[in-house]
Number of protein chains: 2
Amino acid sequence: MGGDYAPEEVVKGCLLAHRELGLESILVGDRERIEPILQREGFQGRLEVVHAPEVVQMEETPSNVLRKKSSSLYVAGKLVKEGRADGLVSAGNTGAVLTVGKFVIGSIEELERPAIGVALPNPKGKTVLIDVGANVDCKPLHLLHFAVIGHTYAEEILGISRPRVGILSIGEEEGKGNELVKETYPLLKASRLNFVGNAEGRDIYAGTFDVIVCDGFVGNIILKASESLGFAVLHMIKEEVQKSFLAKVGALLMRPALNSFKKKADFTEYGGIPLLGAEKPVIITHGRANAKAIRNAIKVANEFLTHRFNERLAENIKTLIPQEVKARWA
Amino acid sequence: MGGDYAPEEVVKGCLLAHRELGLESILVGDRERIEPILQREGFQGRLEVVHAPEVVQMEETPSNVLRKKSSSLYVAGKLVKEGRADGLVSAGNTGAVLTVGKFVIGSIEELERPAIGVALPNPKGKTVLIDVGANVDCKPLHLLHFAVIGHTYAEEILGISRPRVGILSIGEEEGKGNELVKETYPLLKASRLNFVGNAEGRDIYAGTFDVIVCDGFVGNIILKASESLGFAVLHMIKEEVQKSFLAKVGALLMRPALNSFKKKADFTEYGGIPLLGAEKPVIITHGRANAKAIRNAIKVANEFLTHRFNERLAENIKTLIPQEVKARWA
């Protein structure tokens, strides 16, 4: 029931995933609104519908979300937690999905907190930025865990071997940065990750690192600032173009190239962003997700399962973090 | 002696400022390298040269910078501190200029720390982001001061009346954000600033705020990430364009519009970034600054003087921060 085009586009996305990928969804939400769509599409009775009478609204607080136990989101989270579903896909309120992911589904036992990783585009490939909003105030151990999660994501999902891991800071040299960075640096150095050192803001889109670790406060701001910079740049270029006839013709000729670039640059194009380290895959799609985006999100959730992401992550937490580091934080 | 094209372009920039704006510079550095340039340009004896035998290198630590008392940067800082010069312009190592600005020149007495503010472009105008790198770990009082500095910058230099001030956070509502934001929020609310509330990453380039306050760690990363995103986007668009003949023609037709946009978007175009709240104007130009950029930086330094920026800032610190807030932090 979440997102701007629910339930219509969400249901259609599940049908696409079924038809094109052979993946089954359980549709959780208002049965009276879901069933007619299935009927119209000739799918009645072929996808399970679990009724949930309530809907989480935008801007509901985490505690509200956890109290509203008959919301479609909460019920869906429960289905996952109880093993009746293998993952959660939602186009709803990001904060609410995070809350359900963290507190209803929970993280794998080796981890204290799950984190959101996004694969940001750069001229050479992709860089995983983690965490981008699941954890606001972090301790060094959390950042170390994020590094291992990011490493696993880069290796298993993006296919990068021995990913180069950095910690986001200001200044390249060890010893530069804020208190959190200075305390985390030695932990990363002592780990068996391919830790390269401090990454700076300019490294995020430069392809110099495969994984860049930061707390969710900084990461979320960077992510949102980047999106808004993209919009502002396009808007300002359009304004300049409007001033000249030749430039307008030029823009027309360039449009296919620009669209192709936009597609590459849009990190949600591939199906939303994952809450990594949750017990089961949790994929948060854009609120404006259409059927295709929902289909892609289901595909991504399935990829985490087929790549045995969580098993690999649990192993990596064990093998990449040396005993003495673990002991220091026990 | 700082920057990629020193002393040649720096000296020429000072000559431009003299010829075109009537502004006098004292040239601090290696006399044997500076005099021949003046001679060649027919300016010998018309601009004061103060000899400084040493040069601050890139990546020197702050303590090194402060020990190297005969470097051009340190000597220039001293001239400003002693009142022999009215401001400092440097194309050198940003960290070193900051160090000299903070510890040799110092901040006005009403302030604990100066901060770097940049006026970032957006479709509606400009937004001041402050601090973008002078202060890594901050306390709530520092952020409150940055807000007043940013307010004064927006009002006096950018000509925005009653600038809308926000604090950078994740989530719009009061109570959202990290510990620092949550502690600073009530101080800003109690101030006489036009405090609007939390700003999110997406507000930085949206024109929804005139001043956005953050600690120098977050601000610096955003600034550098934004620059690198700009480069990455241009690079990736170019790659797409290369794939199609029509797109190449289109790009050619659009070039003047793109250049005009680039000029608007380049916040260093106007002459570098100011360390605000230092006792005298300190302007840090890009290391690649050419003569024109140096001229512009001198012009900006002069603007701070003619606008009586520091006097207005000192007044604002007194009038915009209520007594009870000051008392809480005494």
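Through which surface do the copies, chain A and chain B, meet? They meet through the same surface, because 100% of the interface residues of chain B are also interface residues in chain A. The model is a predicted one. The points below cover the symmetry, the fold of chain A and a sheet in chain B.

**Symmetry of the copies**
- A turn of 180 degrees and a shift of 0.0 Å along the axis lay chain B on chain A with an RMSD of 0.0 Å.
- The two copies are therefore related as by a two-fold rotation axis.
- In chain B, B:Gly250 has the C-alpha nearest the axis, at 1.8 Å from it.

**Overall build of chain A**
- Chain A contains 12 helices and 10 strands.
- The radius of gyration of chain A is 21 Å, which agrees with the value near 20 Å for a compact globule of 330 residues.
- The C-alpha trace of chain A spans about 60 × 60 × 35 Å along its principal axes.
- Of the 330 residues in chain A, 53% count as buried.
- Taking contacts in chain A between residues at least 6 apart in sequence, 69% join residues at least 24 apart.

**Sheet in chain B**
- Chain B has an open sheet of 8 strands with mixed pairing, in the order β3-β10-β9-β4-β5-β8-β6-β7.
- Its edge strands are β3 (88-90) and β7 (194-199) of chain B, each of which pairs on one side only.
- On average, neighbouring strands of this sheet are turned by 25 degrees against each other, direction ignored.
- Within chain B, strands β6 (residues 164-168) and β8 (residues 211-213) run parallel and are joined by 3 bridges.
- B:Gly166 stands opposite B:Ile212 in β8(B).

Key: Residues are numbered from 1 along each chain as its sequence is written. Chains are lettered from A and ligands numbered from 1 in the order in which they are written. This is a predicted model: local features need pLDDT of at least 70, side-chain atom pairs count only at pLDDT 80 or more; totals for chains, interfaces and linings use all residues. Two strands pair if DSSP finds at least two bridges between them. Helices (H or I, at least four residues) and strands (E, at least two) are DSSP runs, numbered from the N terminus. Axes are lines fitted to C-alpha atoms, for helices over the stretch in contact, and angles run from 0 to 180 degrees between N-to-C directions. Copies are superposed by least squares on the C-alpha atoms of residues with pLDDT of at least 70 in both. Two residues are in contact if their C-beta atoms, placed from the backbone, lie within 7 Å. The radius of gyration is taken over C-alpha atoms; the globule rule is 2.2 Å times the number of residues to the power 0.38. A residue is buried if 20 or more other C-beta atoms lie within 10 Å of its own, exposed if 12 or fewer, and partly exposed in between; C-beta atoms are placed from the backbone.
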